2 protein chains.
Amino acid sequence: MSSASSYAVIAKEVMEELKTLYMNTILPVEEATSYSSFGFSPLNAGEFDSPPLVLLVGPYSAGKTTFIEHLLGKKFPGQRVGPEPTTDKFCAVLHGEDERVIPGNALTVTPGTPFKGLQMFGNNFLTRFEGAQSNVDILKNLTLIDSPGVLSGEKQTLGRSYSYDDVLNWFAERSDMIILLFDVQKLDISDEMGSAIKVLQKYSDKIKVVLNKADTISHQQLMKVYGALLWSLGKVIDTPEVTRVYIGSFWSEPLKNEDTAPLLEMEMADLLRDLAALPRMGAVRKINDIVKRIRQIRTHAVLLDHLRNAMPSMFGKEKKKAELLSDLPTVFRTVMKQHNISVGDFPELNKFKRDVEMIDFTELPKIKGGRMLKGKRMQDIEEALNSKIPAMLNRIPGITGSD
Amino acid sequence: MSSASSYAVIAKEVMEELKTLYMNTILPVEEATSYSSFGFSPLNAGEFDSPPLVLLVGPYSAGKTTFIEHLLGKKFPGQRVGPEPTTDKFCAVLHGEDERVIPGNALTVTPGTPFKGLQMFGNNFLTRFEGAQSNVDILKNLTLIDSPGVLSGEKQTLGRSYSYDDVLNWFAERSDMIILLFDVQKLDISDEMGSAIKVLQKYSDKIKVVLNKADTISHQQLMKVYGALLWSLGKVIDTPEVTRVYIGSFWSEPLKNEDTAPLLEMEMADLLRDLAALPRMGAVRKINDIVKRIRQIRTHAVLLDHLRNAMPSMFGKEKKKAELLSDLPTVFRTVMKQHNISVGDFPELNKFKRDVEMIDFTELPKIKGGRMLKGKRMQDIEEALNSKIPAMLNRIPGITGSD
Ligand SMILES: Nc1ncnc2c1ncn2[C@@H]1O[C@H](COP(=O)(O)OP(=O)(O)OP(=O)(O)O)[C@@H](O)[C@H]1O
Ligand SMILES: Nc1ncnc2c1ncn2[C@@H]1O[C@H](COP(=O)(O)OP(=O)(O)OP(=O)(O)O)[C@@H](O)[C@H]1O
Ligand SMILES: [Mg+2]
Ligand SMILES: [Mg+2]
């Protein structure tokens with residue numbers, strides 16, 4: 001655990017460097033090439049500053065809130081626990097010196113948080129969203145998202161004036177781990193739960209399923225419930241890889257069933273180990289995302305440069321633009337060859353065409369032009385890809401090694 | 001176990017009665033009404049005399065042969081056990097005073113066995129089929145079918161000159177229990193195994209899956225393998241009901257892993273209990289099959305009687321026959337109302353039409369005619385349905401009671 005937390009410190013430093021690199025080197029190119037009008041809004045500082053997100057999802061009363069309380073070792077502000085549906089908001093549990101609740105609208109504009117994008121779900125959702133600040137060390141390295149339990153039938157839709165599945169998708173996409181909790185006592189997967197799992201299955205590599213309260217039944221019953229869960233999940237989730245299911249009882253009470261206690265202890269230790277590794281793995285994931293983004297923005301800049309240079313200096317501008325637009329596949333192919341760029345870094349052709357059509361081609365930035373600092377911007381991007389980012393990755397322990 | 005075996009004795013007596021009833025009361029009606037030319041070959045004595053069938057299926061080396069040896073408490077003739085593919089025939093293990101092997105061709109004509117129908121697979125198969133007689137009490141109540149292990153890739157088809165899946169289907173249809181064995185050490189389900197499971201899934205209510213050799217791995221590994229098995233089975237088998245998987249190690253060695261031993265012992269006891277209940281449940285299943293057959297033959301007789309009575313005594317026979325054939329739905333509806341027969345007991349209309357077309361309608365038997373003993377045959381059938389068979393069912397313990 002001490003090495004896990006020193007990993008976390010390094011991971012934080014690296015995220016700080018990555019943010020500086022993005023703000024100073026990448027963002028200016030995004031601005032010069034109007035990247036946001038091609039559908040890529042700029043990243044904000046909060047997305048680098050905030051620790052990895054862990055999303056808790058599950059039927060009501062599966063023990064999501066209790067799980068978080070157990071991780072923190074104490075209750076958190078605004079939290080309620082109980083056998084009936086209790087949590088009625090999405091709640092981001094994050095680090096803060098004083099214990100307090102932050103309303104959803106305020107949370108989306110709080111510096112250092114990644115929640116700005118939630119504004120798109122409007123006030124109906126934002127009044128059902130809040131932050132809970134708590135002064136617990138683990139929250140320096142992880143932000144936990146508690147969610148309202150999935151209800152079945154009309155209860156789910158009637159009580160909620162926003163799309164649960166859409167919000168779930170927003171959080172799932174940005175999470176580093178999704179913990180899907182089930183209660184051994186009531187396993188039946190409702191239609192609504194099935195639909196939530198369908199949303200999550202896109203992120204199946206991040207899902208950890210927990211079969212919770214596992215010590216309340218006998219060993220043989222546990223096997224049956226566990227088997228039934230995997231049977232049903234196998235039918236819903238489309239991958240051949242088996243989703244890992246952790247058996248446990250995540251709360252502060254001692255385990256009740258000694259036949260299964262040794263198994264449960266090992267399983268819970270495994271999950272906690274995975275959680276402890278998240279800050280490190282989260283940093284690697286973030287770096288990968290940024291590398292992908294840089295490669296795409298490089299391609300984007302080179303494409304615009306090519307179109308700009310193809311334009312005549314005096315007459316026939318409209319005609320040339322039409323010509324280029326009608327033969328974009330050739331443009332893509334030429335650029336790919338000249339700059340040795342791989343297909344995967346190119347934008348989707350039709351989407352690019354729709355976006356670039358709106359622009360006067362003579363106003364596109366040249367790579368050697370003033371807006372791109374006479375080529376310096378692109379050199380910086382190459383340097384980031386070829387040496388700065390690899391150096392960051394090297395600093396994160398266990399990435400190149402045998403771990 | 002003593003009550004289980006007294007159940008078995010009663011079940012045998014009831015089967016004997018059922019056979020007598022069928023031979024004396026039902027078969028004569030089948031003959032009088034040419035039921036076999038409508039696609040229903042008469043049942044033979046072997047199908048009543050033979051105890052319930054238990055079919056063992058699984059990848060090679062899963063421990064099928066060892067499982068049978070373990071049930072018998074000793075080796076059986078012709079058997080081989082080993083880590084490589086060993087069993088290369090379907091083998092019916094049945095009761096006999098002397099221990100010996102009976103070749104496939106001979107076995108299909110041995111009185112008291114239900115294997116006559118296997119002749120349709122021809123000699124290629126029959127040389128790959130044999131009986132093993134053994135003098136063990138459990139075989140008085142159960143016949144066990146050992147099968148060659150499912151191999152993957154070319155090995156499966158190259159080595160076999162008959163269709164494994166078709167033969168599998170023949171046995172599965174007639175079995176009272178299908179035990180599908182997997183080895184925890186090599187779980188990956190090959191395409192061939194998947195195709196075998198597809199064949200078996202029609203009989204999913206009879207399938208018991210065994211995860212064998214379960215004591216050779218740790219408790220946590222066992223959970224993973226068990227989960228992976230249910231995950232895969234859930235994808236292949238189309239029912240929402242979870243197939244029961246028994247964890248165990250079915251051989252005579254003591255269990256090696258004490259973490260899992262109590263669980264395995266309970267699981268194995270469960271499966272052995274299910275096996276002990278089979279003779280009783282098998283008798284009930286047989287009675288149900290026969291009831292279904294009697295209801296259908298009654299409808300068949302009434303239909304033919306109706307057609308016969310609709311025929312003119314002198315002229316216009318061909319015309320009337322054509323008329324009746326072209327308006328069979330009305331015939332069915334009239335008969336249904338007059339005799340208060342439920343839809344489910346009627347033959348498939350088009351098939352019935354094709355079969356009855358071949359026959360001279362004036363030669364069809366009348367219920368009150370001589371061939372049907374002036375109505376006595378049908379009275380006997382009613383009596384069988386209304387009192388004789390219910391009395392048989394009542395004799396089987398635990399059917400009407402709380403068991
Ligand atoms: N490991 C556990 N073993 C037994 N009971 C538990 C366990 N964890 C939680 N519980 C109990 O289950 C009930 C529900 O817990 P909790 O409120 O944490 O669930 P939840 O998933 O957050 O529900 P909701 O979706 O309604 O917010 C509570 O009564 C709690 O005490
Ligand atoms: N419960 C068990 N635990 C450990 N090993 C076992 C167990 N049962 C069988 N074995 C071993 O597994 C091997 C295969 O056993 P066996 O021949 O019974 O399998 P099989 O399913 O009949 O194979 P085949 O399909 O080739 O006939 C043998 O070496 C046997 O000793
Ligand atoms: Mg809650
Ligand atoms: Mg064998």
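**Two chains, two ligand shells and two magnesium ions**

Around ligand 1 there are 20 residues, and the closest of them are Ser61(A), Lys64(A), Thr66(A), Thr86(A) and Thr87(A). I should say at once that what we are looking at is a predicted model, and I would like to begin with this shell before turning to the chain that forms it.

By class, the shell around ligand 1 is made up of seven nonpolar, ten polar and three charged residues. Which element gives the largest share of the shell around ligand 1? That is helix α3 of chain A, residues 64–72, which supplies three residues.

Let me go through some of the contacts made by backbone atoms. A polar backbone atom of Ser61(A) is 2.8 Å from an oxygen atom of ligand 1, and for Gly149(A) the distance from a polar backbone atom to an oxygen atom of the ligand is 3.0 Å. Pro83(A) also takes part, with a backbone N or O atom lying 3.5 Å from an oxygen atom of ligand 1. On its own, ligand 1 has 630 Å² of accessible area, and the protein covers 90% of that.

Please keep Ser61(A) in view for a moment. Its phi is positive, at about 70°, although this residue is not a glycine. Ser61(A) sits in the loop between β1, residues 53–57, and α3 of chain A. Is Ser61(A) buried or exposed? With a relative accessible area of 18%, and with buried meaning under 20%, Ser61(A) counts as buried.

There is another residue of chain A to set beside it, namely Lys213(A), which is not a glycine either and has a positive phi near 60°. You will find Lys213(A) in the loop between β7, residues 207–212, and α10, residues 219–236, of chain A. Its relative accessible area is 25%, and Lys213(A) is therefore described as partly exposed.

Now to the metal on this chain. The magnesium ion that is ligand 3 has as its protein donors the OG1 atoms of Thr65(A) and Thr87(A), which lie 1.9 to 2.0 Å from the ion. Thr65(A) belongs to helix α3 of chain A, while Thr87(A) is in the loop between α3 and β2, residues 90–95, so the two donors tie together parts of the chain that are 22 residues apart in sequence. Both Thr65(A) and Thr87(A) are buried.

Stepping back to the whole of chain A, we can see 16 helices and eight strands. The C-alpha trace of chain A spans about 85 × 45 × 40 Å along its principal axes, and 52% of the chain's 403 residues count as buried.

How is chain A related to chain B? In general, two copies of a chain are related by a rotation about an axis and a shift along it. Here, chain A superposes on chain B after a rotation of 180° with a shift of 0.2 Å along the axis, and the RMSD is 0.3 Å. The two copies are thus related as by a two-fold rotation axis. Which residue of chain A comes closest to the rotation axis? By its C-alpha atom, that is Trp231(A), at 2.3 Å.

With that in mind, let us turn to chain B and to ligand 2. This ligand is surrounded by 20 residues, of which Ser61(B), Lys64(B), Thr66(B), Thr86(B) and Thr87(B) are the closest. Seven of the shell residues are nonpolar, ten are polar and three are charged, and α3(B) gives the most to the shell, with three residues.

For ligand 2 I will describe contacts made by side chains. A polar side-chain atom of Thr66(B) is 2.5 Å from an oxygen atom of the ligand, and an N or O atom in the side chain of Thr87(B) lies 2.7 Å from an oxygen atom of ligand 2. From the side chain of Lys213(B), a polar atom lies 2.8 Å from an oxygen atom of ligand 2. The protein covers 90% of the 630 Å² of accessible area that ligand 2 has on its own.

Finally, the magnesium ion that is ligand 4 has Thr65(B) and Thr87(B) as its protein donors, each through OG1, at 2.0 Å. This pair links distant parts of chain B, since Thr65(B) is in helix α3 and Thr87(B) in the loop between α3 and β2, 22 residues apart. Thr65(B), at 6% relative accessibility, counts as buried.

Key
Residues are numbered from 1 along each chain as its sequence is written. Chains are lettered from A and ligands numbered from 1 in the order in which they are written. This is a predicted model: local features need pLDDT of at least 70, side-chain atom pairs count only at pLDDT 80 or more; totals for chains, interfaces and linings use all residues. Side-chain values use heavy atoms; hydrogens and water are left out. Donors are N, O and S atoms within 2.8 Å of the metal (3.2 Å for Na, K and Ca); water is not among the atoms, so sites may look incomplete. Helices (H or I, at least four residues) and strands (E, at least two) are DSSP runs, numbered from the N terminus. Buried means under 20% relative accessible area, exposed over 50%, partly exposed in between (1.4 Å probe, protein chains only). A residue is near a molecule or strand if one of its heavy atoms lies within 4 Å of it. A polar contact is a pair of N or O atoms within 3.5 Å; within protein, one must be able to donate a hydrogen and the other to accept it, and residues adjacent in sequence count only if both atoms are side-chain atoms. Accessible areas come from the Shrake-Rupley method with a 1.4 Å probe; for residues, only the protein chains shown count as cover. Ala, Val, Leu, Ile, Met, Phe, Trp, Tyr, Cys and Pro count as nonpolar, Asp, Glu, Lys and Arg as charged, and the others, Gly among them, as polar. Copies are superposed by least squares on the C-alpha atoms of residues with pLDDT of at least 70 in both.
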